[in-house]
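Reader: I would like a close look at the disulfides of this protein chain, taken one after another. Please say where each cysteine lies and whether each is buried or exposed.

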Amino acid sequence: MNKKAIGVAALGLCIAGLAAPTATADPVGTPAFRPLAGMGSDTTENVMQALSDVVVVGGQKVIGSYNTQPAGQVVNTKDEAQFAGRCNTAGGSGGVARANGSSAGRDALLAAMTPGSATEGCLDFARSSSGAVAAGQTFVVMAQDGLTYVYPTNGDIGPASAIGDLQLIYKCDASVAGAFEPLIPQAGSGTRSSWATLMGISNTTLPSCVKDTIGGLPLQEHDGSKFTKSNQLVPFSVAQWIAQSMGNVPDTRGGIQIGNINGIAALQLNPAQFSVRNVGNIIPTTKFADSTSLEHKVFVNNGTGKSQVCVNGKSVIEQFGFLPVGC
């Protein structure tokens, strides 16, 4: 397989006229502690931060979404007066370590759902771009996102690739051995899980040529600034690319280019692009089934047939490059 023959067509992005509120880190303003606290996916942390400023119930902001970084840092998610020694460090113990990725968010929520755990009651939802849940959890779709690959400017793979060629690269097939250096985000990333499924490889036991570190450090998803070789490539959220290119979120693309798969351009709000995945939030199944719960009203149905997220935040979801679902 000729390295240059894989990339043959240019890619266009339909992003004109979009502008979104700048997402800030963690809940800002009042109330300091929101009724619904969550963490997890890097892919949706920016849009969830923006939604936390517009989604209200009874005139009050209800979503407290905590970012993935700094990785492992302990944050306070609930009032110490109500959750002494568990969800807040004010009493000298407690707090919740930031979850970096969909799987990490799911597991952190599971711990918060477990009676007697150190973080019982400290989280109410988990951001997810993979949809994978644990027992007693339900994934609620919020939007659709495209998934494609990015590569260094003038890199070897080029701007358009067939899915079969990408799969050969990520399976370390002998026909492309040594020609490319495929990368994948850090363990726990929903993008890693989705891309591994698309490539037909294991999410946990990577093929020998696939790396999830650069310079000995885990490769954070949607960060294109770490490329060191022209033959590298890595999966990337289309919504994140659009939001970063519009300046709606911090731009970590570096000098990279975005590719398309099977000749279908990764267009803004394009459900016909080759790889489309659902993104959303995980909540306890008991809350999902309880139409009176705040979780149900905010993420599932507020009684109007739509979630409060849809009612207050449809335009915000679109402005961050996602296609709203159920709105």
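Author: In this predicted model, C87 and C122 form a disulfide, with their sulfur atoms 2.0 Å apart. The torsion about the S-S bond of C87 and C122 is -85°, and the link is left-handed. C87 belongs to the loop between β5 (74–75) and β6 (96–97), while C122 sits in the loop between α2 (102–113) and β7 (125–128), so the bond ties together parts of the chain that are 35 residues apart in sequence. C87 is buried, because its relative accessible area is 0% and the cut-off for buried is under 20%. C122 likewise counts as buried, at 0% relative accessibility.

In the model there are three disulfides in total, and another of them joins C172 to C209, with an S to S distance of 2.0 Å. For the link of C172 and C209 the value about the S-S bond is -95°, which is again left-handed. This pair connects distant parts of the chain, since C172 is placed in the loop between α3 (163–170) and β10 (181–182) and C209 in the loop between α4 (190–199) and β11 (213–214), 37 residues apart. As for exposure, C172 is partly exposed at 21% relative accessibility, and C209 is also partly exposed, with a relative accessible area of 22%. Both are assigned to that class because partly exposed covers the range between the buried limit, under 20%, and the exposed limit, over 50%.

The remaining bond to describe joins C310 to C327, and here too the S to S distance is 2.0 Å. The torsion about the S-S bond of C310 and C327 is about -70°, so this disulfide is left-handed. It links distant parts of the chain, with C310 in helix α8 (residues 308–319) and C327 in the segment after β17 (323–324), 17 residues apart. The two ends of this bond fall into separate classes of exposure, because C310 counts as buried at 8% relative accessibility, whereas C327, at 24%, counts as partly exposed.

Taken along the chain, the bonded cysteines pair in the pattern 1-2, 3-4, 5-6. In terms of residues, C87 is bonded to C122, C172 to C209, and C310 to C327.

Terms used
Residues numbered from 1 in each chain as written. Predicted model: local features only at pLDDT ≥ 70, side-chain atom pairs only at ≥ 80, totals over all residues. Heavy atoms only, no water. Disulfide = S-S within 2.5 Å. Helix = DSSP H or I, 4+ residues; strand = E, 2+ residues; numbered from the N terminus. Buried < 20%, exposed > 50% of the residue type's maximum accessible area, 1.4 Å probe, protein only.
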